[in-house]
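Biologist: I'm new to this one. Can you take me through a few parts of it?

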Amino acid sequence: GVIASSFGIDYIWNPGQAPATKPAFQTIDEALSFNIKPVKETEIGKHTLQMVTYFLEKTKGKLPLSMCDIQSPFNNATNIVDTTSFMTSMILEPEKVLRFLEVIADLEIEFYEEQRKMIGEALVKPGHGFASSRFFEGFGVSDDNLVMVDSETYLNLVARSFIKLGSRFGGPVLHSCGDFSDKTAIFKKIEGLKMVDAAFTPETDPHPNPAEPFLNELSGSKIVLHARMVGDQDVVAETTKALWNNDMKLVVVTYCETAEEQKAAYEMITSICK
């Protein structure tokens, strides 16, 4: 929704719900002919930057801070142009799709450069729900529309803008919800990809990923797998074993209700990943 604001699209604030957006355009041509503003000049863009300033002031820059929720150019495109129309354009008007995604990537780069300058030494990476640190690298991005297209279409039409955005901030880092295990073969074809985030248990996502395709493709690749696995210790142990070998770079993300349970989970995971 933040990037959609550059195209004159306001958030819908339904009571008790997260903010939503509704695409304002039926075609890419309509969107590109709009008087597009830099994000920082929109109301929600100004508000976002004010919130960054607020937290920096209140924490005196001593607590780590990541950049705000980051959606890929592909995700943002369907917040701006009707999804059915945009997907049809991927078949009928591929050059327009490439151009539109490039415009969105440039808007994002400008806006997140502004945030990076503001946050300075307090910035943690890759951000966006990933295990993050001042010493990590990369730029965490949601690219959930990945599941909507085949691998060839993604590589030909989507990857360029995704790589352009991510490489500006230390390398692209990919998140998608759902089961996108059929796309694992594209990971090594995404230039500079640092990390992939996926869910592997039903309590994490109603459509979790199977472990084998990720293990097969990422083992020995130096691309980190950020594996989310909510569940009891037996489930976490089983899932970790399925994803681990000595050639994997693996970050296991769990959730436990108590510190004692989390400590036990940590010890179990580290005993498996020796």
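Modeller: A term to begin with: helices are DSSP runs of H or I with at least four residues, numbered from the N terminus. Also, this is a predicted model.

Biologist: Fine. Which helix does Met51 lie in?

Modeller: Met51 belongs to helix H2, which covers residues 43-59.

Biologist: Is Met51 buried or exposed?

Modeller: Partly exposed, because its relative accessible area is 34%, and that class runs between the 20% and 50% cut-offs.

Biologist: What surface patch does Met51 help make?

Modeller: A nonpolar one of about 280 Å², made by Met51, Tyr54 and Phe55.

Biologist: Now the strands. How do S4 and S5 pair?

Modeller: S4 (residues 224-228) and S5 pair in the parallel sense, over 4 bridges. Arg228 has Val253 in S5 as its bridge partner. Between S4 and S5 the chain passes through helix H8 (residues 233-243), and this β-α-β crossover is right-handed.

Biologist: And where do the side chains of S5 point?

Modeller: They alternate along residues 250-253. Leu250 and Val252 point to one face and are buried, while Val251 and Val253 point to the other and are not buried. In a regular strand, side chains alternate between the two faces of the sheet.

Biologist: Back to the helix in the crossover. Is Thr239 buried or exposed?

Modeller: Thr239 lies in helix H8. Thr239 counts as buried because its relative accessible area is 11%, and the cut-off is under 20%.

Biologist: What lies 2.7 Å from a polar atom of its side chain?

Modeller: The backbone oxygen of Val235 lies at that distance from a polar side-chain atom of Thr239.

Technical notes: Residues are numbered from 1 along each chain as its sequence is written. This is a predicted model: local features need pLDDT of at least 70, side-chain atom pairs count only at pLDDT 80 or more; totals for chains, interfaces and linings use all residues. Side-chain values use heavy atoms; hydrogens and water are left out. Patches are made of residues with over 30% relative accessible area and no salt bridge: like charges are joined within 9 Å, nonpolar side chains (Val, Leu, Ile, Met, Phe, Trp, Tyr) within 5 Å. Accessible areas come from the Shrake-Rupley method with a 1.4 Å probe; for residues, only the protein chains shown count as cover. A salt bridge is a side-chain nitrogen of Lys or Arg within 4 Å of a carboxyl oxygen of Asp or Glu. Helices (H or I, at least four residues) and strands (E, at least two) are DSSP runs, numbered from the N terminus. Buried means under 20% relative accessible area, exposed over 50%, partly exposed in between (1.4 Å probe, protein chains only). Two strands pair if DSSP finds at least two bridges between them. A crossover is right-handed if, with the strands pointing away from the viewer, the path from the first strand over the helix to the second runs clockwise. A polar contact is a pair of N or O atoms within 3.5 Å; within protein, one must be able to donate a hydrogen and the other to accept it, and residues adjacent in sequence count only if both atoms are side-chain atoms.
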